[in-house]
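Dear colleague,

I am handing over the structure we spoke of, and below it you will find my notes on what turned up. Please read them with the model open beside you.

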Amino acid sequence: MLFAIGFVVILGTIAGLMLHFSAITLRQTSDNYLATQGELYAKSATEFAIQALESRDFSSDGCINRIDINTSLYEINMTFHYFLMGCPVDCNCSEIVTKESNGTVMINTYVKSKVDNIRYFRQTLQKP
């Protein structure tokens, strides 16, 4: 009788450990999925920002300083910093003296998950 009770207790302990490790693995898989998806959102948002910059006439339309995108799972915020020879008033920019770097834009992309505490940051330099 004692042997049967000990056997049941050992099986219960093993089953509990199996459930615990299964839950941890499931959580890690979910976090990896959300992190990868956030990274892909950051890449896509950066490409969108580059397209928006290249289709813009800065002499008449001015500068883009911020783009915010909200999806059901993520908040994406992009800020822009320009490197120009002669900064316009409405631009977030730094004055430079080299003609080769004139018009370069630094795009900072922040992706934050609404579901979990997953964040991703990407910084890109682009010369449209």
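A search of the whole structure, which is a predicted model, finds two aromatic pairs. In one of them, the ring centres of Tyr41 and Tyr74 lie 5.0 Å apart, and because the planes stand at 50 degrees to each other, the pair counts as tilted. Tyr41 belongs to helix α1 and Tyr74 to strand β2, so this contact ties together parts that are 33 residues apart in sequence. As for their surroundings, Tyr41 is partly exposed, with a relative accessible area of 29%, whereas Tyr74, at 0% relative accessibility, is buried.

The other pair is formed by Tyr110 and Phe121, whose ring centres are 4.9 Å apart and whose planes meet at 40 degrees, so that this pair, too, is tilted. Here the contact runs from strand β4 (residues 104-113), which holds Tyr110, to strand β5 (residues 119-126), which holds Phe121, and so ties together parts that are 11 residues apart in sequence. Tyr110 is partly exposed at a relative accessible area of 39%, and Phe121 is likewise partly exposed, at 40%.

Turning to the cysteines, the structure holds two disulfides, and these follow the pattern 1-3, 2-4 when the bonded cysteines are counted along the chain. One of them joins Cys63 to Cys91, with an S to S distance of 1.5 Å, and this link is right-handed, with 65 degrees about the S-S bond. The pair connects distant parts of the chain, since Cys63 sits in the loop between α2 (58-61) and β1 (66-70) and Cys91 in the loop between β2 (74-84) and β3 (93-95), 28 residues apart. Both Cys63 and Cys91 are buried.

The other disulfide joins Cys87 to Cys93, with an S to S distance of 2.1 Å. Which of its two cysteines is buried, and which is partly exposed? Cys87 counts as partly exposed because its relative accessibility is 26%, while Cys93 is buried, because its relative accessible area of 18% falls under the 20% cut-off.

Lastly, there is a point to note on the surface, where Met1, Ile5 and Val9 form a nonpolar patch with about 360 Å² of accessible area together. Of these residues, Met1 lies in the segment before α1 (2-54), and Met1 counts as exposed because its relative accessible area is 80%.

With best regards

Methods
Residues numbered from 1 in each chain as written. Predicted model: local features only at pLDDT ≥ 70, side-chain atom pairs only at ≥ 80, totals over all residues. Heavy atoms only, no water. Patch = residues over 30% accessible without salt bridge, like charges linked within 9 Å, V, L, I, M, F, W, Y side chains within 5 Å. Areas by Shrake-Rupley, 256 points an atom, 1.4 Å probe, with all protein chains shown as cover. Salt bridge = Lys/Arg side-chain N within 4 Å of Asp/Glu carboxyl O. Helix = DSSP H or I, 4+ residues; strand = E, 2+ residues; numbered from the N terminus. Buried < 20%, exposed > 50% of the residue type's maximum accessible area, 1.4 Å probe, protein only. Disulfide = S-S within 2.5 Å. Phe/Tyr/Trp six-rings, centres within 6.5 Å; stacked < 30°, edge-to-face > 60°.
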